[in-house]
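I wanted to know how the strands and helices of this one fit together, so I opened the model and took notes as I went.

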Amino acid sequence: MKITDQVAAFAQPIVEENGCTLWDVEYVREGSERFLRLYIDKDGGVDIDDCERIHRAVDPILDERDPIPESYHFEVCSAG
């Protein structure tokens with residue numbers, strides 16, 4: 001299973017519990033850095049508090065499940 005599919009599977013319920021929709025999961029390399037990004041959306045738009053709350057909820061699960069062997073930056077972003 002792809003990394004993005006694994007992350008989406010455990011992140012989606014958390015995102016929905018926080019009143020948002022998981023729009024996309026992206027794992028990319030930019031230069032020498034790797035980024036894991038969750039894109040979220042909700043009616044009325046996403047704000048920084050939504051991103052921070054979901055980041056704090058998903059981050060410990062990423063540490064526990066460890067789906068990515070190399071080092072990376074984790075970001076939660078608005079889909080729009």
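Before counting sheets I fixed what pairing means here: two strands pair if DSSP finds at least two bridges between them. Note to self: this is a predicted model.

**Entry 1, the sheet.** I looked up the strand order first. I found an open sheet of three strands, ordered β1-β2-β3, and its pairing is mixed. At the edges sit β1 (21–30) and β3 (73–78), each pairing on one side only. I also checked the twist: ignoring direction, neighbouring strands are turned by 20° against each other on average.

**Entry 2, β1 with β2.** In which sense do β1 and β2 pair? The answer I got is antiparallel, over nine bridges. As a landmark on this pair I noted V25, which stands opposite L38 in β2. I then followed the chain through the turn: β1 and β2 form a hairpin with two residues between them. One residue to mark there is G31, which has a positive phi of about 65°.

**Entry 3, β2 with β3.** On the other pairing, strand β2 (residues 33–41) runs parallel to β3, and I have six bridges written down for it. My landmark here is L36, opposite F74 in β3. To see how the chain gets from one strand to the other, I traced β2, α2 and β3, and they make a right-handed β-α-β unit.

**Entry 4, helices on the sheet.** Which strands does α2 lie across? I found it over β2 and β3, running at about 145° to β3.

**Entry 5, helix against helix.** A general reminder I keep at the top of such entries: two packed helices are described by the angle between their axes and the distance between the axes. For helix α1 (residues 3–17) and helix α2 (residues 48–65), I have an angle of about 150° and axes 10 Å apart. Angles over 145 degrees count as roughly antiparallel, so that is how α1 and α2 stand to each other. Their crossing is right-handed.

Next I listed who meets whom. From α1 come V7, F10, A11, I14 and V15, and in α2 they meet I54, A57, V58, I61, L62 and R65. What kinds of residue make up this contact of α1 with α2? I sorted them into ten nonpolar, no polar and one charged.

**To remember.** β2 pairs with β1 in the antiparallel sense and with β3 in the parallel sense.

Terms used: Residues are numbered from 1 along each chain as its sequence is written. This is a predicted model: local features need pLDDT of at least 70, side-chain atom pairs count only at pLDDT 80 or more; totals for chains, interfaces and linings use all residues. Side-chain values use heavy atoms; hydrogens and water are left out. Axes are lines fitted to C-alpha atoms, for helices over the stretch in contact, and angles run from 0 to 180 degrees between N-to-C directions. Angles under 35 degrees count as roughly parallel, over 145 as roughly antiparallel, 65 to 115 as roughly perpendicular and the rest as oblique. A crossing is left-handed if the near helix is turned anticlockwise from the far one by less than a right angle, and right-handed if clockwise. Contact means heavy atoms within 4.5 Å. Ala, Val, Leu, Ile, Met, Phe, Trp, Tyr, Cys and Pro count as nonpolar, Asp, Glu, Lys and Arg as charged, and the others, Gly among them, as polar. A crossover is right-handed if, with the strands pointing away from the viewer, the path from the first strand over the helix to the second runs clockwise.
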